[in-house]
Every structure is written in structure tokens, then in C-alpha cells.
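Biologist: Could you take me through one part of this model slowly, as I am new to reading structures? I would like a close look at the place where the two protein chains touch, and then at what lies around it.

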2 protein chains.
Amino acid sequence: MKKVFLKDIARSLSISKTAVSLVLNGKGDENKISKDTQDKIISFAKKHNYVPNQLARGLSRGKSETIGLIIPNISDTFYSKIAGYVELKAKELGYSVLFSSSNEDNKKEAELIRAMLNRQVEGLIIASTQNNLKEIKSLQDDDFPFVLIDRNYPEMETNAVVVDNFNGLKIVTEHLIGLGRRKIGFITLEPKLEAIHQRYLGYKSALIEAGINFNKDLVKELSPLNYEDEISKAIGDLLKFPNSVDSVVFVTHYLTSVGLRELKRRQVKVPQEVAIVSFDELTAFDLVDPPITSVIQPVRDIANLSVEMLVNRIEGKDKTMVQKTVLDSKLVVRKSCGTF
Amino acid sequence: MKKVFLKDIARSLSISKTAVSLVLNGKGDENKISKDTQDKIISFAKKHNYVPNQLARGLSRGKSETIGLIIPNISDTFYSKIAGYVELKAKELGYSVLFSSSNEDNKKEAELIRAMLNRQVEGLIIASTQNNLKEIKSLQDDDFPFVLIDRNYPEMETNAVVVDNFNGLKIVTEHLIGLGRRKIGFITLEPKLEAIHQRYLGYKSALIEAGINFNKDLVKELSPLNYEDEISKAIGDLLKFPNSVDSVVFVTHYLTSVGLRELKRRQVKVPQEVAIVSFDELTAFDLVDPPITSVIQPVRDIANLSVEMLVNRIEGKDKTMVQKTVLDSKLVVRKSCGTF
DNA sequence: TTTTTTAACTAAACCGCTTTAGTTTAAGTT
DNA sequence: AACTTAAACTAAAGCGGTTTAGTTAAAAAA
């Protein structure tokens, strides 16, 4: 069965391509194509399984009805959930989503941005590695529609949807303090990311406000690429004198996973000896032993808002205004912090 | 900053579009464009941030260098991992990936297939809802390259990469039997899916071969859309006389999650009173209380193989041969089945 | 010197669709 | 009967590239 094109339909029915195109795009009536002709065209198209070529259509109309989503890693549940919701919302608003993972590599991210641009996406949602100021700035200069999510360039005025990382970490740390913990470790990532830095500041601020003096030795920074190897030493350090923490705050879900695994390996009693809490969670965190107290992020809101903002920008409803939305994260208390 | 097109470069440098196109596609040398001209073109393009329009290029060349991936749900870790690996492998082979979730809705899946076709993807990888025989068949008839993954149409001879569901469930059930369990419940999904049905048969076969008589009352089928509500009754049924199971096999990770949650709610001791095992797992299943014995799937292999098969088909390296690859899944023993 | 070859280009068709600016014919007005 | 108007179309340009089939001028060969 050969592919059928617009011109094939036109020729077969002895009708102009124009008429066929108009009818198949639902503009038959407004262009006064007779009911009769319309029916002929539509039924012929259906019968022969006509599939319009979006490349041609996009090229011709100068639109692709596609938005791009660039995330660090589609395998990470946090981002895969966002991707799911972005797709849903985008479809609702008439857009397809093209997505790609940067794998936290800023070179690759820059490439992806260009690749998406040359695929004529009409806008971008980016959870950036935050090492592409230049690239992002050039989008901005070109007045190209985009929204940053999750990770933000604080030095730039852009559309963005982020969560309040500072406060998220502050409340979870305060929660531990409220339960009597005083020697609170913090396992984090090398803070190239503003989000991670904010979490660090939140942790620090909670301590200081509670009159606990901040001890840099209780903060362990792991490499995003090598944390699985580094976790053992980090936990080891935190456990032994003079640190001997009574609790640990993990800056993100995968550190929590490996951290808990390590604590179990060392047969540390959680939460009795060491309470733990996590920023962001995995699906099964309520089933884990012990169930893990987490600050959960409003994934769905992040997705919905960012798509809406982007589409507004694309469709020109808000012309110039830049909107930075900060969403609250939510503390979910479970047993790992020692309550109940 | 205005967008710059091929013709702009050509005009600015007083060179033909042809030359510019050739040079920018790295065909300058083979077409004997002078080094000098090449340099001029390349530096001008770089300086003005030239980004070629893929729609135009794709249209003109009749290729999009894109493959489509259709999965039930990108938020499901199983599929998001596959997506991640598919993207990686595809990029390696020079293709971009367009992906979309069908949300287990076969109408939507059919739409997605058409949407992808009209975006001129050169091939498709589909984890089908298995309710689109017609659609898939028509791909087959049109000789359009595609590979089915995870879910298979057994009545059709297509390229496919699947796991051995029958055997996966068989070995995990045998494992329970080996540990002395005799009354083994099976919590599954309404078996519209061949994969699910195969798992059911594997369960049954393990029982029969062990001389345990198969009791239909120990099999609970939940609706994929409503399992969270139905789990309570299912577990309740399995626990009470005359069923009183000593173990449960869950057909997929999310049923395991809700099932374990329900068992905990009822304060059933796992694994002492009821052992559990899972087909497929979540990231944190080793941290769960108790750590869950699972049959894990070779996600990476599924992704790599399917992309390779597809690209081979697309590039015509294997012209006609249809290849069905069945991969083994792997039993990972943890505490939830009562060992150690 | 004439012919052939080669280097270094270019004009224009084409990909499949959309859309603007008509055209043609018939019906309605005056 | 001449003039408008409306209905039902259509030709052709254009979207931004790629590619085929040349062309032109200079160098090499005869």
C-alpha cells in the first residue's frame, strides 16, 4: 500500500490541492466548499489512510505545535513524573512534547537546546544543569519562549516555576529539632545547583534560628556522579566522634536511598540512633523500613504551571511579563524521624 | 536578533544556497568547494548562530532521523527507565526519540501512532496496550519499521523484544514453594495483556509441577484503573478462611506496593505470616520493610535491543526477517519471601 | 593552438503542504 | 440587459532546506 499525498487525493478526485487542504483542515465551510465535495474528499482521505506530513505542514505554517522539555534525566522519578504531567497538560492545550535528557551535562544540554530549536519547537521547558547561562541568555535575547523549572538562574529575570527549596529544607530540619535532635548531619551534592545551595541555606538557617551552632563538619558534599561510592565515607564520618550525629538530612531522594542502605549495612538503628529525613521522595518511601519522612514536591503543579506559562508566552497572551513562581513543598511525616 | 536562514548566508556572502548547504553539511570537500569559501561560510554561520530548520531539511530529504516511542505511562519507573535507555541508544545511532504515553488507552495509542507517522518518524517502538491489532497490522502491511516491546501480539509475526513472563513468574513461584509455602495467592490484573496472562500461566505451572493443586480462589484480578480501591478486598479475601494464604505473588511492582501497604495496615507479619514476592520492582524495593524479593527485568537490554533492531530495519540492513527476542528476567532474593 | 579535464561553483526543481489572490459561473438586482 | 454579488472553486507562490544537472574559467594534455 503506497503512501497517499494531498496531490494524489486532488488528482484522483479532479479537485485542486487547495480545496483538499482546506477541507481536511476543517476550513471547508468557511471557504464555501460544497458539502458534496467535502464528503468526497473526506471519505477518500479516510479510505486511503491519508496521513498529512507534519514536516511540510509545519514548514509551511511556520509552526510545529510542539514544545520541548529538557530534563536532566528521564529515569529519575521526579523528572519522569514531571514529564508525564507536562505531556498531559500540553496535549490538553494542543501541543506535543519533544523531550530529551541532558544527563546533567551542560554541553549536552546546550546541544539539546539547539537540536530542539532546529526542530522548530515553539517553546522550551528546561530543568537546566545551570551551567548554560550563555545559552539561556541567548534564548532570552532572541525573545524565544521558555520556562525554567526546578532549577533557576537567580541572576536572570526569566519565566520560572520552582519550589521553595530554602523553606522546604528549613521545615524538615526544624521538624527534627522539634523532636529533640541536635547533631544534625546534612548530606548534599556539590552545590553547583542553586536549588541545592538553597536547601543548604535552609538547613543552616533552621539550625541558627534554633540556637544550634552550625558545624561545617556535619555537612558532606558528594559528587553527583560518584555518590554511590562516596556515601560510605560520608556516613562513616558523620557517625564517628567528634561528629556522632543523631540525625541526617538528605538533600535528595537518591541520596536518601543510598544513605539508608549504608546505615543499614552498618546496622545503625534508624531512627533510634540516627533519625533521617529526605528532601523529595520515591514512590515506595512509605513502605521503606523505616518509612521515610520527606518533603514532597508539587510535581503536578510544576508541570501544569510551566506548560501554561509557556503556552501563554507562545500564543502571545502575555507579551513581556516575566513570572517567577515559587511553589511550596510539603512535609510528610513518617517514622524515620522518630515520631509516632 | 533576527533568525538567519540559509539564503541569508548565501546572499550576505554572495554565494549560492547550494554551496552554503553543502558546506554546512560537511560535503564541502567532496564537492570541491574551496577551503577559503568553506571557512567564510562556516564562520559566518557560527557568528550569526545559524540553526538549520529540521522541518525543511526533513521534508526535503524525506527523512526525519527520528524514531517514536509509545509507552503506556512515562511516570512508571519501568517505562521511564526504558525511555532513558532508548534515548541513549538512539542518540548513539544518530536518531532522536519522540515519545508519548498512551495511558493504557488503546484509542489514544492509535492516535499516537498516527501522530507519530505524520511527524515522519522513521520507525516506532511500541509497548502496546495490546488492543490495537488493526493499527499494528496496518503498520505491518505498509512495511513500516516497528518493534514491539514488553507487550507482544502473539497472533502476529512482528519484530519484538519481550521478557519471558511465563518463566519469570514460574521461578519466583517455585522459589516460594522451595521455602515451604503451599497456599500461594496471586494478585494480578485483568489479563487483557498477554504478558500478564503469561505470568498467570507461569504461576499456575509452578504449582502444578510441584503437585500443589491450583485453586482459582487464590487468584485475584484487579482492574488496572481501580486497583488501589480493590486491593483491600483482594487481600482480605486471601487472608480469610478457606483461603488463608501463606504467601502472595504480585504480578507487577505497583500492585506489590499497594499490597504490602495493605498487609501492613492489617498488621500482617511479612514474611512470617505471609511471604510476598513481586514481578518487577521499584528503586527502593531493597530498602522496604521487608526488602522485597523480585523478578527484575533487563530494562537496559530491552531498550538497546529494540533500538538496534529498529534501526537495522530502518536502514535496511535486515530487509524482511522478523525477529522475536525473548529475554530472561532475573530473580533477586530478599527477605520478603522468608529466607535469610 | 585546440581540446580535454578539473576546480569551483550555481540555477532551479523538488519535498508536501498552506494560503493568498484570483477566476469562473450562476444567481440576484436594478 | 447590464451590473453586483455570491458560491465554488483554483493557480501559483512560498515555507527553508537538499540535490541534480549544469556552467564557467582556468589549467593540463594533445
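Modeller: Happily! The contact takes 42 residues from chain A and 43 residues from chain B, where two residues are in contact if their C-beta atoms, placed from the backbone, lie within 7 Å. On the chain A side, the elements that give two or more residues are α4, α5 (77-92), β2 (96-101), α6 (106-118) and α11 (253-265). Here helices (H or I, at least four residues) and strands (E, at least two) are DSSP runs, numbered from the N terminus. Of these, α5(A) gives the most, with six residues. By type, the chain A side divides into 18 nonpolar, 16 polar and eight charged residues; Ala, Val, Leu, Ile, Met, Phe, Trp, Tyr, Cys and Pro count as nonpolar, Asp, Glu, Lys and Arg as charged, and the others, Gly among them, as polar.

A word on reading all this: this is a predicted model, in which local features need pLDDT of at least 70 and side-chain atom pairs count only at pLDDT 80 or more, while totals for chains, interfaces and linings use all residues. Residues are numbered from 1 along each chain as its sequence is written, and chains are lettered from A and ligands numbered from 1 in the order in which they are written.

Now, how do the two sides match? 100% of the interface residues of chain A are also interface residues in chain B, so the copies meet through the same surface. A turn of 180° with a shift of 0.0 Å along the axis lays chain A on chain B with an RMSD of 0.0 Å; the fit is by least squares on the C-alpha atoms of residues with pLDDT of at least 70 in both. The two copies are therefore related as by a two-fold rotation axis. In chain A, A:V288 has the C-alpha nearest that axis, 1.8 Å from it.

The helix α4 turns up again at the DNA. Around strand C there are 27 residues, the closest being A:L6, A:S21, A:A56, B:S16 and B:S34; a residue is near a strand if its C-beta atom, placed from the backbone, lies within 6 Å of it. The largest share of that surface, five residues, comes from α4(A). Strand D is surrounded by 26 residues, and the closest are A:S16, A:S34, B:L6, B:S21 and B:A56. There, α4(B) provides the largest share, five residues.
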